[in-house]
Amino acid sequence: MDAPSPRLLSVSARIGADLKAQIADGTYPPGSALPSTRALAAELGVSRTTVTAAYDQLIAEGYLETRPGSRTRVAAGLRPEPAPAASPVPPQRLSAFGQRILAMPASREPAKPAIDFRTGDLSGDDFPALAWRRALNAVLMRRPARLGYGDPRGLPELRTALQAYLWRARGLRCGLDQIIVVNGSQQGIDLCARLLVDPGDRVVMEEPGYGAARRAFAAAGAAIVPVRVDAEGLRTGDLASAGHARLAYVTPSHQFPLGGVLPVARRQALLAWAEACGATIVEDDYDGEYRFDMKPVEALLSLDRAGRVIYVGTVSKTLSPQLRLGYLVVPQALGEAFAEAKRLADRQAPGLEQAALARLLTEGGYERHLRQARRRNGERRAALLAALAESFGARVRVEGAAAGLHLVAWFEGVPAEREAAMASAARAAGIGIYPVGPLYHGADTRPDRAGLVLGFASSAPDTIRTGIRRLAAALKAA
Ligand SMILES: Cc1ncc(COP(=O)(O)O)c(C=O)c1O
């Protein structure tokens, strides 16, 4: 669609040209309704006749359709034109931060296959829609006299509810001012990176470890220091040779991705190391609510006497990753800095959702839902373990299945280099599997056999069984 210069067009022709461009770029997809002529005329500050003339012209050209008594729509059969490819080099000079982000390997999500073992996704069926709607309704009925900005740390009622929940569920005691409500763990980790890491600072990360955290620290300019994990989590004996660092990011309750639970002796060693080198420990307790074959473990924070640990929690595994709600428990001395950083980032987390979560927590709905979610995910986990045993037998060794919503399947005798080919063969069969390789920072630290991180929280047990059967067939044929 070659548009003549806008200056040469009448107002109605200009409106027509803009609408055509928006149809072409998919702003108005085929079959979608356009604004009424009255509404658009009022928005654009032109007469209704002018807008009607533009619509009539597009109807005559076949872009729009109209039926008596119904809104004017984009013709159902039209196909949006693909937008011209954006230039890979932005015309503006990026900051050092921007350049670091662009230099990282792309983390764009590929299209979701029919059966997906991606970690982090939950089943839509598990969301407690009724309880959430009741909580939201109750909050909406309160009708505050004035709508304004609140405390950047979050709604006091939610922080109070979290304070009580953290004690009930995780044995944690903390002051209200230590709790900061954030938009998911990711924002919490990002705030830690902003407030505690300068370019060039050394940051200890578990190897293998959580890519999204590693990227946040690397984006802040950190020098990543990988410290290997074993079946019990971070090998704290290796910290001495890793040297001093500004910060360490750890998942002590359930190491991501290998599933180890850090024993108390290693916890003490980690805390002692942090104290000795003045480092902060970021404890990501992302799925502490899910325990299957093991007793609940205490949070690292509860052993911290020196104020070195920042605890990160989230509802992404218990309610939904779409809510973008999480919380930090920060040392008293850092409360003010975190509150101000949160205010600068986005003023505060969304108030309605915070209030609804507070209600769910105080009225018992959250823990009721958790009991159900635990049972359902226990069934999914059992289905996955049985399906892996049935399809692969001793050729697959499972690691880290005692807790959380994912496990790691190691393929004995299959070289690590095969992981990418395995993922493409599976994808061709409509199965999404995710190799463990990209979760290692260093090429020389990873085991030489192929491994997959299999998330099981988003599919029904039957779908999981079908998925593993199809995976086995696809890998055999590949
Ligand atoms: C290690 C780890 N931390 C945190 C999260 C959750 O992040 P968020 O709270 O930002 O959704 C995930 C999600 O999969 C995770 O795997």
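**Exercise 1. Determine which residue is the bridge partner of H406 in β16, and describe the sheet around this pair.**

Solution. Step 1: The bridge partner of H406 in β16 is G455. The model is a predicted one, in which local features need pLDDT of at least 70, side-chain atom pairs count only at pLDDT 80 or more, and totals for chains, interfaces and linings use all residues. Residues are numbered from 1 along each chain as its sequence is written.

Step 2: Seven bridges pair strand β13 (residues 406–415) with strand β16 (residues 449–455) in the antiparallel sense. Strands (E, at least two residues) and helices (H or I, at least four) are DSSP runs numbered from the N terminus, and two strands pair if DSSP finds at least two bridges between them.

Step 3: The open sheet has four strands in the order β12-β13-β16-β15, with antiparallel pairing. Its edge strands, each pairing on one side only, are β12 (396–399) and β15 (434–435).

Step 4: Helix α13 (residues 365–392) packs on this sheet and touches β12, β13 and β16. Contact here requires C-beta atoms, placed from the backbone, within 7 Å. The direction of α13 makes about 160° with that of β12; axes are lines fitted to C-alpha atoms, for helices over the stretch in contact, and angles run from 0 to 180 degrees between N-to-C directions.

**Exercise 2. Establish the strand order of the eight-stranded open sheet, and state what packs on it.**

Solution. Step 1: The order is β4-β11-β10-β9-β8-β5-β6-β7, and the pairing is mixed. At the edges stand β4 (179–182) and β7 (233–234), each of which pairs on one side only.

Step 2: Helix α7 (residues 184–196) packs on the sheet, where it touches β4, β8 (247–250), β9 (280–284), β10 (309–314) and β11 (326–329). The direction of α7 makes about 155° with that of β10.

Step 3: Two parallel pairings may be examined in detail. Six bridges join β5 (residues 202–207) to β6 (residues 223–230) in the parallel sense, and E206 stands opposite V227 in β6. Strands β8 and β9 also run parallel, joined by four bridges; T280 in β9 is the bridge partner of L247.

**Exercise 3. Decide whether the residues of β9 are buried or exposed, and locate the nonpolar cores.**

Solution. Step 1: A residue is buried if 20 or more other C-beta atoms lie within 10 Å of its own, exposed if 12 or fewer, and partly exposed in between, with C-beta atoms placed from the backbone. Five of the five residues of β9 are buried, so the strand is largely enclosed by the rest of the structure.

Step 2: T280, V282 and D284 point one way from β9, while I281 and E283 point the other way.

Step 3: A nonpolar core is a set of buried Ala, Val, Leu, Ile, Met, Phe, Trp, Tyr and Cys residues joined through C-beta atoms within 7 Å. The largest such core has 75 residues, and those with the most contacts inside it include L247, A248 and I281. Helix α12 (residues 351–362) gives the largest share of this core, six residues.

Step 4: Not counting residues up to four places away in sequence, A248 touches V204, A274, A279 and I281. A second, separate core of 28 residues includes A383, L405, A426 and I468.

**Exercise 4. Identify the peptide bonds to P208 and P257 as cis or trans, and place the positive phi values of R143 and R347.**

Solution. Step 1: The bond from E207 to P208 is cis, with omega near 5°; P208 lies in the loop between β5 and α8 (211–219).

Step 2: The bond from F256 to P257 is cis as well, with omega near 10°, and P257 is in the loop between β8 and α10 (264–277).

Step 3: R143, a residue other than glycine, has a positive phi near 40°. R143 belongs to the loop between α5 (129–140) and α6 (156–170) and is exposed, because 7 other C-beta atoms lie within 10 Å.

Step 4: R347, also not a glycine, has a positive phi of about 70°. The loop between α11 (335–346) and α12 holds R347, which is exposed, with 11 other C-beta atoms within 10 Å.

How values were computed:
Two residues are in contact if their C-beta atoms, placed from the backbone, lie within 7 Å.
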